[in-house]
Amino acid sequence: MIAWAQEQQRQEAEEAKTFWREDQAQQASDPCNRLEVRRQMMDAANAMARTRYGARTLLDLTDGRTSGLEPAPGRSCIFTADWSSGERGVVLITQRKNSFGDNLIEVRPFER
């Protein structure tokens, strides 16, 4: 019985490790995780926040993933965000153009 339980634990650990490796490989190839895209999203979000709120700003975006949740044309990415207020959380950043050709950006908390 003990040997069976140890084998189960070993198999679960191996499955978790395999899942983590696959997840990291997928994340590495995701366009939202490219450095220039993260910087562009962060700069645009901070510019919008300064003009509207004048408060906290994004310090860093990591673990970028493309979001398929947005029906609007444009780019939507899910990030782990570090804020100047010391908070950390997951955000959805959507960047698109309006009918006048202006860039619009929206930052929302992401809930799974």
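This briefing covers a helix, three paired strands and the nonpolar core they share. The structure is a predicted model. Its largest nonpolar core has 15 residues, and helix 2, strand 1, strand 2 and strand 3 each supply at least two of them. Strand 2 pairs with strand 1 and is also joined to strand 3.

**Strand pairing**

- Strand 1 spans residues 58-66 and pairs with strand 2 in the antiparallel sense, over 6 bridges.
- Strand 2 and strand 3 (residues 88-97) also run antiparallel, with 8 bridges joining them.
- Thr80 of strand 2 is the bridge partner of Thr62.
- Thr80 also has a bridge partner in strand 3, namely Val90.
- Between strand 2 and strand 3 the hairpin has 4 residues, and in this hairpin Gly86 takes a positive phi near 95 degrees.

**Burial of the strands**

- Strand 2 covers residues 75-83, and 8 of its 9 residues are buried, so the strand is mostly covered.
- Thr94 lies in strand 3.
- Thr94 counts as buried because its relative accessibility is 2%, against a cut-off of under 20%.
- The side chain of Thr94 makes a polar contact with the side chain of Ser76, at 3.1 Å.

**The nonpolar core**

- Among the 15 residues of the largest nonpolar core, those with the most contacts inside it are Met41, Leu58, Leu61, Phe79, Val91 and Ile93.
- Helix 2 gives the largest share of this core, 5 residues.
- Leu58 is in contact with Met42, Ala45, Asn46, Ala81, Asp82, Trp83 and Ile93, leaving aside its neighbours within four places in sequence.
- One of these partners, Ile93, is itself listed with Leu58 among the core residues that have the most contacts inside the core.

**Ala45 in helix 2**

- Ala45 is placed in helix 2, which runs over residues 35-52.
- Ala45 counts as buried because its relative accessibility is 6%, and the cut-off for buried is under 20%.
- Not counting residues up to four places away in sequence, Ala45 touches Leu58, Ile105 and Val107.
- Ala45 and Glu106 are 61 residues apart in sequence, while their C-alpha atoms are 7.3 Å apart in space.

Key:
Residues numbered from 1 in each chain as written. Predicted model: local features only at pLDDT ≥ 70, side-chain atom pairs only at ≥ 80, totals over all residues. Heavy atoms only, no water. Helix = DSSP H or I, 4+ residues; strand = E, 2+ residues; numbered from the N terminus. Buried < 20%, exposed > 50% of the residue type's maximum accessible area, 1.4 Å probe, protein only. Contact = heavy atoms within 4.5 Å. Pairing = 2+ DSSP bridges. Polar contact = N/O pair within 3.5 Å; in protein donor to acceptor, adjacent residues only side chain to side chain. Core = buried A, V, L, I, M, F, W, Y, C linked by side-chain atoms within 4.5 Å.
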